[in-house]
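Notebook open, coffee poured. I'm going through this protein one corner at a time and jotting down what I look up.

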Amino acid sequence: MMEASSPAHAAPTGIGQLKPLSIPIAAATPAAAAGCGTSGGAGKASCGSSGGPDDMPTEIWEKVKNHPCYSEEAHHHYARMHVAVAPACNIQCNYCNRKYDCSNESRPGVVSQKLTPEQAVKKVVAVASEIPQMTVLGIAGPGDALANPKKTFDTFRMLQEQAPDIKLCLSTNGLALPDYVDEIAKYNVDHVTITINMVDAAVGEKIYPWIFWQHKRVTGREAAQILTDRQMLGLEMLTARGILTKINSVLIPGVNDEHLIEVNRAVKSRGAFLHNIMPLISEPEHGTVFGLTGQRGPSAQELKAVQDACAGGANLMRHCRQCRADAVGLLGEDRSEEFTLDKIEEMEVVYDLDKRRTYQAKVEEERQAQHAAKQAALAEQAGEVDDGMKVLVAVAVATKGGGRVNEHFGHVTEFQIFEVGYLEPPGAERQPPEGAAVRLGSGPAPARVLSAQFVGHRRVDLYCQGGFGEDEQLPSIVRAINDCHAVLVAKIGACPRDELQAAGIEPVDGFVNEFIEKAALSWFGDYRARIASGELVHQPRGDASIRQGAYTGTAGEAMPSEATV
Ligand code: CLF
Ligand code: SF4
């Protein structure tokens, strides 16, 4: 299952008006066994992607602490890779077309080389030798991992023998999932993603034209009903075995936007650990049904509105980069070109477990330092009162990551967006009062605390090309962070500085190489002081565009016929 799909299109719709608590819970089956979202225990409010070791049982922390998708904090430090061993798929989604082979495009379902399990394992070992912080191997397409069970499980089996410290992860549409839960458990696959876009077949028939089920093609509402039944059953079976599950949902404005709140509740009740709500990627040149019919993706604030409306339900992942099925590296970077099969043949590969452990111990030290810096920044503002203010801050970060402000504005291909201010703790439970109608997120909201929380990322085109600033790129960069009050960078030239200021975004270059949360909190303290002194007036910001990768429209060979069934 490719983990699915969009550049922003303007016109905001009613999603922005969504309010938490608006959707009644579906009649969901109780979880077969509680996942982290319901088993954190007393005082363990947050156990989602932003949680830490104090927020969840030790055995769960051990599973997520160095998985870049399951821990927001880990994604600044640890890398994942995908191997494209699974070309076939057993359903059709209206946002999917796997025929492109374009290395400049970053979106799910796109790969440069299909691999055999043997080639895949060789590649993983080569990458693990070169990138010691690569901790997770995922199989995420370009079709569906479980529509290619032999290739998927052969890869996992061989890799486990050769590199036992690498975590195994797979992504599926869920149709075949109940048939393979035992196999998943047998190979110690600890993390499974199911893409669930609906729990109501009336919504599903707008997303899935057909499924291939019991040797025949099934269409319409019947197909969607079978799919949702299988997805829910598979999720319950995984939860019962203690396998961590993440649910990916593609937000399709006008199709499943409000419905995703119901999906959130349904998957939480079945023990899902995380819910990742992603924007639809949909352009006519992709050749997908939605691309060709003009179905647009959401804007940045529309996406955030749906995510925020799920507060109190299943914990949200907000740092997904909608990876290619052959991505390599930190989330947000792609080093797959460094590891093509011909390059691997020339490498001297030494799988040195001790070297990997030593490197990862250093990463943990850096992580502790990041925590300490954030706590120190919070302590500095401990006497401040909650005035309800919260702002978005865009941070230019280098692709080498590390959670620091360390990139020149002109070299940025991705901004990380942090919300700063008095915020609800992420993942806090909201239990409805005894006897009250059970509605999503009902019950008293938890107390807000001063915090800096990662809320997303925005891809942009490089401003600096060939040593010079490309001024025509500036408007699109400004549009991508137009909802932010400030942008933190290591350095910025005069021209982009002026352009940002004219747009009402403050360029800040005084926190070079500092940890992001500390820098954002310090800037926020200064911002409030300037407002208090009358130097500034706090103004609300507008919406921003979501851009997904630099698509060039270069279509290559079609995937072979096994890509469809
Ligand atoms: Fe890959 Fe997916 Fe595993 Fe991560 S990706 S199979 S859980 S290792 Fe991660 Fe990529 Fe988003 Fe997927 S950023 S598309 S959520
Ligand atoms: Fe994934 Fe198959 Fe859907 Fe494409 S059609 S997004 S490969 S499940």
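**Strand β1 and its partners**

I started with β1, which pairs with strand β11 (residues 328–330) in the antiparallel sense over three bridges. For the record, two strands count as paired if DSSP finds at least two bridges between them. Helices (H or I, at least four residues) and strands (E, at least two) are DSSP runs, numbered from the N terminus. Within the β1–β11 pairing, I find R80 bridged to G329 of β11. β1 also pairs with strand β3 (residues 134–139), this time in the parallel sense and over four bridges. There H82 has G138 of β3 as its bridge partner.

Which way do the residues of strand β1 (residues 79–82) point? A79 and M81 go one way, R80 and H82 go the other, and all are buried. Buried means under 20% relative accessible area, exposed over 50%, and partly exposed in between (1.4 Å probe, protein chains only). Note to self: in a regular strand the side chains alternate between the two faces of the sheet.

**Ground rules**

This is a predicted model, so I keep to its limits: local features need pLDDT of at least 70, side-chain atom pairs count only at pLDDT 80 or more, and totals for chains, interfaces and linings use all residues. Residues are numbered from 1 along each chain as its sequence is written, chains are lettered from A and ligands numbered from 1 in the order in which they are written, and side-chain values use heavy atoms, with hydrogens and water left out.

**Confidence and overall numbers**

pLDDT is the predictor's confidence in each residue, from 0 to 100. The protein's mean pLDDT is 80, and 79% of its residues reach 70 or more. Residues 432–442 fall below 50, and beyond near neighbours in sequence this stretch has 26 contacts in the model (contact means heavy atoms within 4.5 Å). Residues 549–565 also stay under 50, and for them the model has 42 contacts beyond four places in sequence.

I count 15 helices and 18 strands in the secondary structure. Of the 565 residues, 58% are buried. About 21500 Å² of the protein is exposed, and carbon and sulfur atoms supply 51% of that; the areas come from the Shrake-Rupley method with a 1.4 Å probe, and for residues only the protein chains shown count as cover.

**The three-stranded sheet**

In what order do the strands of the open sheet come? The order is β2-β6-β7, with antiparallel pairing. β2 (91–92) and β7 (216–219) stand at the edges with a single partner strand each, so one side of each has no neighbour in the sheet. Strand β6 (residues 210–213) pairs with β7 over four bridges, and W210 stands opposite T219 in β7. Helix α7 (residues 220–240) lies across β2, β6 and β7, running at about 105° to β7. Axes here are lines fitted to C-alpha atoms, for helices over the stretch in contact, and angles run from 0 to 180 degrees between N-to-C directions.

**Helix α8 and what follows**

Is helix α8 (residues 259–269) mostly covered or mostly open? It is mostly covered, with nine of its 11 residues buried. Among them are H259, L260, N264 and K268. R270 sits in the loop between α8 and β9 (274–279) and counts as buried because its relative accessibility is 6%. Its side chain reaches back to the backbone oxygen of A266 at 3.0 Å. G271, just after α8, takes a positive phi of about 90°.

**Backbone oddities**

Reminder: most residues other than glycine have a negative phi, and most peptide bonds are trans. The bond from G141 to P142 is cis, with omega near 15°, and P142 is in the loop between β3 and α4 (149–162). N188 is not a glycine, yet its phi is positive at about 55°; I found N188 in the loop between α5 (177–186) and β5 (191–195). Q322, another residue other than glycine, has a positive phi near 50°. Q322 belongs to the loop between β10 and β11 and is buried, because its relative accessibility is 2%.

**Last look: M317**

M317 is in strand β10 (residues 316–317) and is buried, with a relative accessible area of 2%. How far apart are M317 and S71 in sequence and in space? They are 246 residues apart in sequence and 8.3 Å apart in space, C-alpha to C-alpha.

Key: Polar contact = N/O pair within 3.5 Å; in protein donor to acceptor, adjacent residues only side chain to side chain.
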